[in-house]
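Below is a walk through one protein chain, beginning with a set of paired strands and ending with a pocket and its lining. Please keep the structure open while reading.

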Amino acid sequence: MKPSYSTTLEGSGSFGGRLKALSLVDILEFLRHLNRLGLLSVTAEGTAVGLYLRAGKVVQAISSREADRLTEALVRRGRITPPQYDEVMRRAAAGERIGKALVAACGLSPGELMEARAALVKQIALSLFEWSAGEFSFIEGEEPAERGIDVDLPITDLIVEGIRTVKTAAL
């Protein structure tokens, strides 16, 4: 199968190019097959999303979209209230980590916090399947800044669900 993106080598194991319709599947499958560790960064129209990959899985996701913040997602899902959100933000501004603040101020258990993080990583990753254009780069060896909060989202499962949930028929 001929990939639908152009690549440029940026160094040992790193590459980048232009994202086109369905090429996200090609990129993820390529990285899964090679068992690459690193950061897949995708940008378009002022939005940046990053997927940290390890051992054929997405372990963390980051996004520049405000709606992709854990606290925002918990408020949208009704899991925390606006006053609890305010308390978490106050604690975070004072230097407390968001996860600890959510447990302390909102009564979330560590398991519930992990479930919420896993759901958010999946939501961020699946949102990329709706992108029809953009730029991508993969930086081999790049690790998440915060270790210990990894999720295990197999790339094959993500691809299957991503293809199934695409709403734009042209993609």
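**Strands, then a pocket**

Strands β3 (residues 38-44) and β4 pair in the antiparallel sense, with seven bridges between them. This is a predicted model, and everything below was computed from it. One pair to locate is Gly 38, whose bridge partner in β4 is Leu 53. The hairpin that β3 and β4 form has two residues between the strands, and in this hairpin Glu 45 takes a positive phi near 45°.

Strand β4 itself spans residues 47-54. β4 is also joined to strand β5 (residues 57-63), by six bridges, and these strands run antiparallel as well. Here Val 49 has Ser 63 in β5 as its bridge partner. The hairpin of β4 and β5 again has two residues between the strands, with Ala 55 taking a positive phi near 55°. β4 thus pairs with β3 and with β5. How many of the eight residues of β4 are buried? Six are, and the strand is mostly covered. Buried here stands for a relative accessible area under 20%.

The wider chain can now be placed around these strands. The chain holds six helices and seven strands. Read from the N terminus, the order of elements is β-β-α-β-β-β-α-α-α-α-β-β-α. The chain has 171 residues, and 39% of them count as buried. Contacts between residues at least 6 apart in sequence join, in 64% of cases, residues at least 24 apart. The exposed area of the chain is about 9,200 Å², of which carbon and sulfur atoms supply 54%.

The last stop is the empty space. Rolling a probe the size of a water molecule over the atoms shows where such space is left. The largest pocket has a volume of about 690 Å³. Its lining consists of 25 residues, and those closest to the pocket centre are Leu 70, Ile 98, Arg 117, Glu 146 and Ile 149. Strand β5 returns at this point: β5, α2 (70-76), α4 (98-106) and α5 (110-127) are the elements that give two or more residues to the lining. Which element gives the most to the lining of the largest pocket? That is α5, with five residues. By residue class, the lining of the largest pocket divides into 13 nonpolar, eight charged and four polar residues.

Note on methods: Residues numbered from 1 in each chain as written. Predicted model: local features only at pLDDT ≥ 70, side-chain atom pairs only at ≥ 80, totals over all residues. Heavy atoms only, no water. Buried < 20%, exposed > 50% of the residue type's maximum accessible area, 1.4 Å probe, protein only. Helix = DSSP H or I, 4+ residues; strand = E, 2+ residues; numbered from the N terminus. Pairing = 2+ DSSP bridges. 1 Å grid on protein atoms, 1.4 Å probe; cavity = no way out; pocket = protein on both sides within 12 Å on 5 of 7 lines; lining within 4 Å. Points joined across faces, edges and corners; volume = space filled by probe spheres on them. Nonpolar A, V, L, I, M, F, W, Y, C, P; charged D, E, K, R; others polar. Contact = heavy atoms within 4.5 Å. Areas by Shrake-Rupley, 256 points an atom, 1.4 Å probe, with all protein chains shown as cover.
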